[in-house]
Amino acid sequence: MTTRRSKPGARHQPAVALALAGGGPLGAIYEIGALCALDDSLTGLDLNRCGHYVGVSAGGFIAAGLANGLSPRQLCEAFIEDLPTEENFDPAWLMKPAWHEIGHRVSRLPQLLAGALWTWLVEGKPLSQATEQLGAALPTGVFDNEGIHTQVERLFSREGRSNDFRRLKARLTLIATDLDSGEATPFGRPGWDHVPISRAIQASAALPGLFPPVEIGGRQYVDGALKKTVHATVALDEGAQLLICLNPLVPFRADPKAARHHRIPSLVEGGLPAVMSQTFRSMIHSRLALGLKHYERAYPGCDIVLIEPDQRDAEMFFANTFSYRQRRQLAEHAFQQTRLLLRQNAGEISRKLERHGIALNPTALSDPDRRLLHGPNSPVADPVRRLHATLDVLEHHLRSGALRREPG
């Protein structure tokens with residue numbers, strides 16, 4: 001795979017910022033599909049030539065890839081496709097047990113047990129208080145995340161790419177959270193740009209409980225989403241005029257009026273995983289909504305475009321976050337749903353984009369046979385989808401004409 005060349009006639013667009021939120025492997029799959037749809041449906045924007053890329057957790061990997069010249073389609077080849085190339089990402093290296101961390105914690109158990117017995121028997125403290133000390137024997141993460149660093153370092157060490165923030169043509173900021181202070185750390189900013197990009201991605205994606213914290217410069221770092229969802233302030237403070245945000249995780253909204261085969265019973269029927277997923281998604285999405293309102297007030301001259309799944313999209317909600325068997329289907333789904341979002345909101349999105357020399361491509365958006373992937377797993381266009389696409393484009397043209405005729 002070679003680094004992508006810019007689109008003909010494309011120019012560097014320092015006033016355009018791209019902010020990518022986290023969401024684990026599912027989030028990365030969604031963002032790749034959505035970015036491919038944007039790349040396919042917009043004219044005047046080269047996603048490899050934005051002025052600033054901001055990434056959190058899984059979004060950090062995607063942001064760093066774009067900043068390194070990897071096109072959305074190339075990211076799809078590396079992360080989604082099963083092509084026999086040296087740049088493919090093997091999902092197995094995300095699921096290796098953290099034996100070093102587990103061994104370190106187990107080795108401390110005798111000392112901790114002795115301390116607990118001393119507290120209980122000698123100091124006379126309650127047994128519940130004494131046994132609290134044993135919590136330090138539990139590992140901070142069950143999977144080893146060192147492979148994230150080594151695999152990304154290998155990918156960005158190829159010709160034409162860099163694992164050094166300071167050598168990139170565009171701004172790249174990857175957010176992690178300092179475990180001992182709770183503060184966000186913007187890797188890539190002055191004072192933090194000496195850290196390898198691969199190590200910053202590892203730290204930004206270190207979800208507590210799943211992966212151990214990452215030590216950098218004597219400090220421990222965990223997932224950047226603990227503080228904020230997208231951390232776009234770093235780009236807005238540097239003068240971004242157009243902010244495109246991708247957020248893969250949204251709470252599910254059951255629709256009792258949906259067709260029978262799309263109707264979902266109460267989420268409580270899904271047990272603890274469904275309840276926890278809905279809770280987590282609701283928390284981060286409400287925080288994102290508050291953040292976007294703050295951006296609109298604090299940066300009134302900036303246009304913000306949010307790309308995220310429909311909250312009624314059961315396929316995205318019920319997908320296994322760490323399932324790679326579904327990645328082709330989910331990437332195609334994200335591609336098609338993003339195209340649908342652009343068609344349905346063409347008027348509003350067009351007004352924001354046109355101020356920055358960017359436009360929707362009606363021909364691409366109206367093509368019902370447009371696909372991200374080809375092969376036996378690709379959905380086949382049908383007459384109903386063709387009709388819906390045509391009606392969406394017609395509605396867009398009618399709205400645009402009405403807006404142009406409005407006085408003032």
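Okay, one definition before we start: two strands count as paired if DSSP finds at least two bridges between them. Keep that in mind, since alanine 176 stands opposite threonine 185 in strand β5, and we'll come back to that spot. Also, please remember that what you have in front of you is a predicted model.

So, the overview. The chain has 408 residues, and 49% of them count as buried. There are 15 helices and 10 strands. And if you take the contacts with a separation of 6 or more, 77% of those come from residues 24 or more positions apart.

Let's go to the strands, and start with β4, residues 171-178. Is β4 enclosed or open? Seven of its eight residues are buried, so β4 is largely enclosed by the rest of the structure.

Which strands does β4 pair with? I'll go through three of them: β3, β5 and β7. With β3, residues 50-56, β4 runs parallel, and five bridges join the two. If you want a pair to click on, valine 54 stands opposite threonine 173 of β4.

With β5, residues 184-187, the pairing is antiparallel and there are four bridges. That's where our opening pair sits, alanine 176 opposite threonine 185. β4 and β5 form a hairpin, with five residues between the two strands. Look at the turn there and you'll find glycine 182, with a positive phi of about 75°.

Then there's β7, residues 219-223, which runs antiparallel to β4 and is joined to β4 by three bridges. Here alanine 176 turns up again: its bridge partner in β7 is aspartate 223. So alanine 176 has threonine 185 opposite in β5 and aspartate 223 as its partner in β7. Further along, aspartate 178 stands opposite tyrosine 221 of β7.

Now stay on β7 and look at its other pairing here, with β6, residues 214-216. These two are antiparallel, over three bridges. One of the pairs is glutamate 215 with glutamine 220 in β7. β6 and β7 make a hairpin too, this time with two residues between the strands. The turn has a glycine with positive phi here as well: glycine 217, at about 60°.

Okay, on to helices. Let me begin with α2, residues 58-67. How many of its residues are buried? 10 of the 10, so α2 is largely enclosed by the rest of the structure. Among those buried residues are Gly59, Phe61, Ile62 and Leu66. Right after the helix comes glycine 69, and its phi is positive, near 90°.

What's around α2? One neighbour is α7, residues 146-156. The buried residues of α7 pack against α2 and also against α8, residues 197-204. Those buried α7 residues include Ile148, His149, Val152 and Phe156.

Another neighbour is α1. A quick word on how we talk about this: two packed helices are described by the angle between their axes and the distance between the axes. For α1 and α2 that's an angle of about 35° and axes 8 Å apart, and the crossing is right-handed. On the α1 side we have Gly24, Ala28, Glu31, Ile32 and Leu35, meeting Ala58, Gly59, Ile62 and Leu66 on the α2 side. By class, that contact has six nonpolar, two polar and one charged residues.

While we're on α1, have a look at glycine 27, which is found in that helix. Why do we call glycine 27 buried? Because the cut-off is under 20% relative accessible area, and glycine 27 is at 0% relative accessibility. Glycine 27 is 32 residues from glycine 59 in sequence, and the two are 7.4 Å apart in space, C-alpha to C-alpha.

Last stop: α1, residues 24-41, also packs with α12, residues 327-344. The angle is about 45°, with the axes 7 Å apart. Angles from 35 to 65 degrees fall in the oblique class, so α1 and α12 are oblique to each other. The crossing is right-handed. The contact includes Leu26, Tyr30 and Gly33 from α1, and Leu330, Phe335 and Arg339 from α12. Its residues divide into 12 nonpolar, three polar and three charged.

That's the tour, so over to you.

Terms used
Residues numbered from 1 in each chain as written. Predicted model: local features only at pLDDT ≥ 70, side-chain atom pairs only at ≥ 80, totals over all residues. Heavy atoms only, no water. Axes fitted to C-alpha atoms, helices over the stretch in contact; angles between N-to-C directions. Parallel < 35°, antiparallel > 145°, perpendicular 65-115°, else oblique. Left-handed = near helix turned anticlockwise from the far one by under 90°. Contact = heavy atoms within 4.5 Å. Nonpolar A, V, L, I, M, F, W, Y, C, P; charged D, E, K, R; others polar. Buried < 20%, exposed > 50% of the residue type's maximum accessible area, 1.4 Å probe, protein only.
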